[in-house]
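Biologist: Could you walk me through this model, starting with the aromatic residues and then moving on to the charged pairs?

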Amino acid sequence: MHITLRREEKRDWNEVERITYHAFLNAPTPDPNPNPNEPLLARKLRSCRAFVPELDYVAELDGALVGNIMYTKSKIVGDSGEWETLTFGPVSVPPKYQKQGIGKALIDKTLTLAREKGFLAVLIFGHESYYPRFGFVDASKYGITTAEGENFPAFMALPLYDGALDGVSGRLFCDDVYFTLDKGESDALNTTLLF
């Protein structure tokens with residue numbers, strides 16, 4: 001299997017939203033009638049001020065899109081200052097292509113690019129059994145909490161170079177786009193992504 005990684009282009013947008021829908025359709029959720037909001041998030045991220053287009057990548061296999069990763073700028077605000085960081089998500093690989101190294105390839109590639117661009121660290125909300133393989137650890141190890149002052153295993157941090165988070169502590173603030181998605185708009189978009 002030969003996977004090609006490249007920057008997302010405008011012509012990819014609809015297909016990225018479709019694969020994102022299928023990637024998250026059966027994700028564990030307490031909602032008895034799940035309808036993923038990640039496709040709408042992908043759509044909205046592209047126009048938000050925190051979006052980092054140079055880290056927006058797709059994976060192709062035989063000319064078909066089989067994965068995507070998107071990043072936004074975030075920041076840690078503490079008593080001794082503010083530090084710009086990155087947050088990624090959604091990371092999308094449809095079920096048919098999962099467990100074949102596509103997500104890993106996208107994450108490895110973009111983390112390398114983020115390091116080269118001089119970013120400090122990446123903080124995410126993700127599966128605590130998956131992301132440690134990339135070096136992510138519980139954010140509390142660095143004295144970092146959510147904006148609400150909370151910590152839990154799915155909230156993780158990865159310094160992008162040795163000592164990157166030395167002396168850094170505080171609350172993580174992400175772009176409002178993550179918290180202001182409209183369910184009606186999300187459901188309407190999802191009806192166009194079923195196939």
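Biologist: Which residues form one aromatic cluster?
Modeller: Bearing in mind that this is a predicted model, the residues joined in one aromatic cluster are Tyr 71, Phe 88, Tyr 130, Tyr 131, Phe 134 and Phe 136.

Biologist: And how many aromatic pairs are there by this rule?
Modeller: The count comes to 11 aromatic pairs. Among them, Tyr 71 and Phe 88 are arranged edge-to-face, with 5.4 Å from centre to centre and 70° between the planes. That pair links distant parts of the chain, since Tyr 71 sits in strand E3 and Phe 88 in strand E4, 17 residues apart.

Biologist: Why does Tyr 71 count as buried, and why does Phe 88?
Modeller: Buried means under 20% relative accessible area; Tyr 71 counts as buried because its relative accessibility is 0%, and Phe 88 counts as buried because its value is 6%.

Biologist: What about Phe 125 and Phe 155, how are their rings arranged?
Modeller: The ring centres of Phe 125 and Phe 155 are 4.9 Å apart and the planes lie at 20°, so this pair is stacked. Phe 125 belongs to strand E5 and Phe 155 to strand E8, so the pair ties together parts that are 30 residues apart in sequence. Phe 125 is partly exposed, at 43% relative accessible area, whereas Phe 155 is buried at 0%.

Biologist: Switching to charges, what does Arg 46 form a salt bridge with?
Modeller: Arg 46 forms a salt bridge with Glu 17, and their closest N and O atoms are 2.8 Å apart. Because Arg 46 lies in the loop between H2 and E2 while Glu 17 lies in helix H1, the pair ties together parts that are 29 residues apart in sequence. Arg 46 counts as buried at 12% relative accessibility, and Glu 17 counts as buried at 1%.

Biologist: Which other residues of H1 are buried, and what do they pack against?
Modeller: Besides Glu 17, the buried residues of H1 are Val 16, Ile 19, Thr 20, Tyr 21 and Ala 23. The buried residues of this helix pack against helices H2 and H4 and against strands E2, E3 and E4.

Biologist: Back to salt bridges, where do Lys 104 and Asp 108 lie?
Modeller: Both Lys 104 and Asp 108 lie in helix H3, four residues apart, which is about one turn of the helix. Their side chains meet in a salt bridge at 2.5 Å, N to O. Lys 104 is partly exposed at 43%, and Asp 108 is partly exposed at 29%.

Note on methods
Residues numbered from 1 in each chain as written. Predicted model: local features only at pLDDT ≥ 70, side-chain atom pairs only at ≥ 80, totals over all residues. Heavy atoms only, no water. Buried < 20%, exposed > 50% of the residue type's maximum accessible area, 1.4 Å probe, protein only. Helix = DSSP H or I, 4+ residues; strand = E, 2+ residues; numbered from the N terminus. Contact = heavy atoms within 4.5 Å. Phe/Tyr/Trp six-rings, centres within 6.5 Å; stacked < 30°, edge-to-face > 60°. Salt bridge = Lys/Arg side-chain N within 4 Å of Asp/Glu carboxyl O.
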